[in-house]
Amino acid sequence: MLPELPVEPVLEVVGVFVAAMSGALAAVRKQFDLFGLLVLAWATGLGGGVLRDLLIGAVPPVGISDVRLMGAALAGGLVMYFGHPRLERARRVIVVLDAGALALFAVVGTVKGLEHGTTALAAIVVGVLTGVGGGILRDLLTGEVPVVLHHRQLYAVPALLGSAATVALWHLGLAGAVGLSAVAVGVFALRVLALRFDLNAPGPWRAPGASRQR
Amino acid sequence: MLPELPVEPVLEVVGVFVAAMSGALAAVRKQFDLFGLLVLAWATGLGGGVLRDLLIGAVPPVGISDVRLMGAALAGGLVMYFGHPRLERARRVIVVLDAGALALFAVVGTVKGLEHGTTALAAIVVGVLTGVGGGILRDLLTGEVPVVLHHRQLYAVPALLGSAATVALWHLGLAGAVGLSAVAVGVFALRVLALRFDLNAPGPWRAPGASRQR
Amino acid sequence: MLPELPVEPVLEVVGVFVAAMSGALAAVRKQFDLFGLLVLAWATGLGGGVLRDLLIGAVPPVGISDVRLMGAALAGGLVMYFGHPRLERARRVIVVLDAGALALFAVVGTVKGLEHGTTALAAIVVGVLTGVGGGILRDLLTGEVPVVLHHRQLYAVPALLGSAATVALWHLGLAGAVGLSAVAVGVFALRVLALRFDLNAPGPWRAPGASRQR
């Protein structure tokens, strides 16, 4: 994926590391023990990619076999284990880094699906799943309803647009380093703008005339 | 599957559509946003088939790659998003349609397992899972204990009997359109009779002499 | 696996039977109906192996296709359905048998991963998952946060050490019946000692100076 872009493997490791920190933070709050915290870090950092690999038949998934990615997930977990609560004050930095991880995961996940010969539709599904699947696993394992399903933030939607754009570029023969980087930057920008200006996705169904609530 | 029966693909789309509506209804009740509602519609309509395809190695699953089935799931979700609460009044119709979806999913899922060379036992498991897996995913994603595991209704049992009958017909060389249709009608009838006469599966363990409770 | 050891298939059936009883007990407590209880027994007894087989591409998983293993899981469920609450008094025996199942599952699961050509890292992951995955599924299906993630007992850690030792023996060419049996006995002994002397894994993060709580 993105073979012309030597910076991409580095970014992927950073993305896994940051996502793993978010999983470990959830584990800290739930009073998980160290083993549970590392499982959460792994599931959040690599779970989306594992689900993607299961769906496209790329087994064993890189999320359990790649030393570099596993190392990034466990390192993210350990840093949060020992660095908490100092790191909780760096929450804003983590949220921005997480936007970068989302963008990268969506683009890389979509490309991997296409490389395995999926339909355009399936590539979009696995691209979005690579981006949001880790957070869904984190929430299920901590007994929470997955936040991405009800928080109304623009989180999955940028990933969805990015996956669709990646598929379009692929079919136009433009899925090189420049094109894919542009998509990733676009997803990142949209996510950051949504955070900055509190933009929302369409919310739950509402009775006509009912007072709006947040 | 059921190749002589041109009506079957239409029925499958209807089944996915109806099951997706039940998932979207759960999402409406949990105040999910539109993305979450569509995920629930997808998981409920197609999740059982996705689990089946993962277990038999038919990847990517049709539930993420087939435009027709994905369209049916998303349409079911959108109809519930915009049609609620009018549709909630049509609850009885939905329950009967859902019985049809259960019957069709169990038969089609079992046949797909057999076509992929599974053992008779595995074919029964994936047939039942095709029928009830979507509802289990719906419940897990909304933070509920899967209702099919404790509601005591005859829901999984008709699917189980239908899957076993499908395997028997297959091994007898009778798994043509007529035979499989008869099984599906039988599952549907048993489910509707159970609803009508409030028939129950064996309930939880009870201490001898304890007063019965519903 | 362990081909020179005719006692191993018997042990595996016993392990599945015991784990299935623990799943059925959770179902009894949650007032699941008989179908739900058998699903729980199956998921707890065979779910870890099913997840392993999905991750290494060994589909259909033995957990849905092997009559012997399925029979053991369903028998464990039925014995608990009819034997409860007499069996609850035998809790100590069940806990010790479960330690044996954990040890066996971790070793057998790791070997199966290696036999399918996984990396050493992936073999360790699937070995541990074979040991603890069934309990995680049991907890998720009953609406609980997986106990293995926060109970602080030495449960996953012995499995992890056993999987790592199995990989080491494999690469040293010593993964015969004697070597693997020694590993399994070691995992079992560590787990039983942890139970006896209340040994704990590293717990959740704690603020320096905060009073300790159990």
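How many salt bridges does the structure hold over all chains? There are 15, where a salt bridge is a side-chain nitrogen of Lys or Arg within 4 Å of a carboxyl oxygen of Asp or Glu. The model is a predicted one, in which local features need pLDDT of at least 70, side-chain atom pairs count only at pLDDT 80 or more, and totals for chains, interfaces and linings use all residues. Residues are numbered from 1 along each chain as its sequence is written, chains are lettered from A and ligands numbered from 1 in the order in which they are written, and side-chain values use heavy atoms, with hydrogens and water left out.

**Exercise 1. Describe the interface between chain A and chain C.**

Solution. Begin with the residues in contact, which means having heavy atoms within 4.5 Å: chain A gives 27 residues and chain C gives 26 residues.

Next, take the area. The size of an interface is often given as the accessible area lost when the parts come together. Buried area here is the accessible area (1.4 Å probe) that two parts lose on being put together, summed over both, and for chain A and chain C it comes to about 2,200 Å², with 74% of it on carbon and sulfur atoms. Asp33(A), Phe35(A) and Ile64(A) supply 29% of the area that chain A buries against chain C, which is more than any other three residues.

Then look at the polar side of the interface. The count of salt bridges between chain A and chain C is zero, whereas five residue pairs across this interface are in polar contact, both residues being at pLDDT 80 or more. A polar contact is a pair of N or O atoms within 3.5 Å; within protein, one must be able to donate a hydrogen and the other to accept it, and residues adjacent in sequence count only if both atoms are side-chain atoms.

Finally, place the residues on the chain. Helices are DSSP runs (H or I, at least four residues), numbered from the N terminus. On the side of chain A that touches chain C, α2 (34–56), α3 (62–65), α4 (67–83) and α6 (120–141) of chain A each supply at least two residues, and α2(A) gives the largest share, seven residues.

**Exercise 2. Compare the surroundings of Val59(A) and Ser65(A).**

Solution. Start with Val59(A), which sits in the loop between α2 and α3 of chain A. Val59(A) is partly exposed, at 31% relative accessibility, given that buried means under 20% relative accessible area, exposed over 50%, and partly exposed in between (1.4 Å probe, protein chains only). Leaving aside residues up to four places away in sequence, Val59(A) touches Asp53(A) and Leu54(A), and also Leu54(C), Leu55(C), Ile56(C) and Gly57(C).

Now turn to Ser65(A), which belongs to helix α3 of chain A and is buried, at a relative accessible area of 16%. The side chain of Ser65(A) reaches the backbone oxygen of Pro61(A) at 3.1 Å. With residues up to four places away in sequence again left aside, Ser65(A) touches Pro60(A), Thr119(C), Leu121(C) and Ala122(C).

**Exercise 3. Work out how the two copies are related.**

Solution. Two copies of a chain are related by a rotation about an axis and a shift along it. Chain A can be laid on chain C by a turn of 120° and a shift of 0.0 Å along the axis, with an RMSD of 0.0 Å, when the copies are superposed by least squares on the C-alpha atoms of residues with pLDDT of at least 70 in both. The two copies are therefore related as by a three-fold rotation axis. Only 7% of the interface residues of chain A are also interface residues in chain C, so the copies meet through different surfaces.

**Exercise 4. Follow two salt bridges within single chains.**

Solution. In the first pair, Lys30(A) and Glu144(A) form a salt bridge whose closest N and O atoms are 2.6 Å apart. Lys30(A) lies in the loop between α1 (7–29) and α2 of chain A, and Glu144(A) in the loop between α6 and α7 (156–171) of chain A, so the pair ties together parts that are 114 residues apart in sequence. Lys30(A) is partly exposed at 33%, and Glu144(A) is partly exposed at 37%.

In the second pair, Asp53(C) and Lys112(C) form a salt bridge with the closest N and O atoms 3.1 Å apart. Asp53(C) is in helix α2 of chain C and Lys112(C) in helix α5 (residues 91–115) of chain C, 59 residues apart. Asp53(C) is buried, at 0% relative accessible area, and Lys112(C) is buried as well, at 9%.
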